[in-house]
Amino acid sequence: MKVFRNFSDYFSKKPLALSLGMFDGVHLGHKCIMDELKKAGSENNLETAVLTFWPHPRFVFNPNEDLKLLNTLEEKTLLMENYGVGNLFLKEFDEEFRNLTGEEFVRQILIDRLNVKYLIIGYDHSFGKNKSGNFELLKKLSKELDFEVEQMEAINIHENNISSTKIRKALLEGDIIKANEMLGYHYSLSGTVVHGKKIGRTIGYPTANIETENIKLLPKKGAYIVEVFVENKSYKGMLSIGTNPTVNGEKLTVEVYILDFNGDIYGENITVKFRDSLHDEIKFEGLEKLVERLDEDKRLTEEFNF
């Protein structure tokens, strides 16, 4: 997959089958769009492409909003590549771009610069200044500018439309199973292992503290069964998100106890994939009660089938 941060770097004269949107999570609804995109590309001899924005436009419109995303840029790029997208345009949502009307965006960017011949958008997508671009506008312009446009219907699971907003909500409620169902893969966190207070090692449960990207959404405070990837090997793990209230902690941390592992991985980058939840964050009466619960969590993790 070719990645472009500037339209002027794109030189291909071959027409494109393209979709545009934020694609946060690159979930099952987005996968259906990618599948349709590849089908159209194959049937019409078009290169496939996705145009998305980085950073998220809401960071521009609402700079004080504490928006957390389902994907880092690296994760989104990898997911797009795994879905077979040929070209990825990562457009900065700058002042010039945000002032383009929907029609100007179609004429100046999609047609004049990118030579789009087939365009597919999600069921709820709008674009351009004041959200002036929508499916109705695209249908109107498609005849004049000679391109085909399609709008995907919402994808449902258990009679609920899949959306990035609903996935965020599920994660913030600690409902890992529901979030993973909508994503079509296991939600993950990646980060560098940093030094913590090392309390875990004094009670037989040494943990790796993970420093994650600030924009990445963390699930609800609590304990989770995870799959841990260290140096291309996977292990079962128990992950905690919280402030360690039993020892009067204040800073929010992400810590994982890796089963059957005792290597030194400080400074290493590791990835955890969420498989199920264990329980919400608990303040125990003392370390003895905490260890009892950790023993039970370990048993449940060992019995969990990956």
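**Exercise 1.** In this predicted model, determine which residues Thr243 touches, leaving aside residues up to four places away in sequence, and decide whether Thr243 is buried or exposed.

*Solution.* Step 1: apart from those sequence neighbours, the contacts of Thr243 are Lys221, Gly249, Glu250, Lys251, Leu252 and Glu281. Step 2: Thr243 lies in the loop between β12 and β13 (253–258). Step 3: buried means under 20% relative accessible area. The relative accessibility of Thr243 is 14%, so Thr243 counts as buried.

**Exercise 2.** State what sign phi has in Asn244 and in Lys198, and place each residue in the chain.

*Solution.* Step 1: most residues other than glycine have a negative phi. Step 2: Asn244 has a positive phi, near 55°; this residue belongs to the loop between β12 and β13. Step 3: Lys198 also has a positive phi, near 60°, and is found in the loop between β9 (188–194) and β10 (208–212). Step 4: Asn244 counts as partly exposed because its relative accessibility is 31%; Lys198, at 33%, likewise counts as partly exposed.

**Exercise 3.** Compare the expected span of helix α9 (residues 287–303) with the distance between its end C-alpha atoms, and find where its buried residues lie around the axis.

*Solution.* Step 1: at 1.5 Å a residue, the 17 residues of α9 should span 24 Å, and the end C-alpha atoms are 24 Å apart, which agrees. Step 2: the buried residues of α9 are Leu290, Leu294, Asp297 and Thr301. Step 3: viewed down the axis, these residues fall within an arc of 65°, so they line one face of the helix. Step 4: what covers them includes β11 (222–230), β12 (233–242) and β14 (269–280).

Definitions and conventions: Residues numbered from 1 in each chain as written. Predicted model: local features only at pLDDT ≥ 70, side-chain atom pairs only at ≥ 80, totals over all residues. Heavy atoms only, no water. Helix = DSSP H or I, 4+ residues; strand = E, 2+ residues; numbered from the N terminus. Expected span 1.5 Å × (residues − 1). Buried < 20%, exposed > 50% of the residue type's maximum accessible area, 1.4 Å probe, protein only. Arc of directions from axis to C-beta. Contact = heavy atoms within 4.5 Å.
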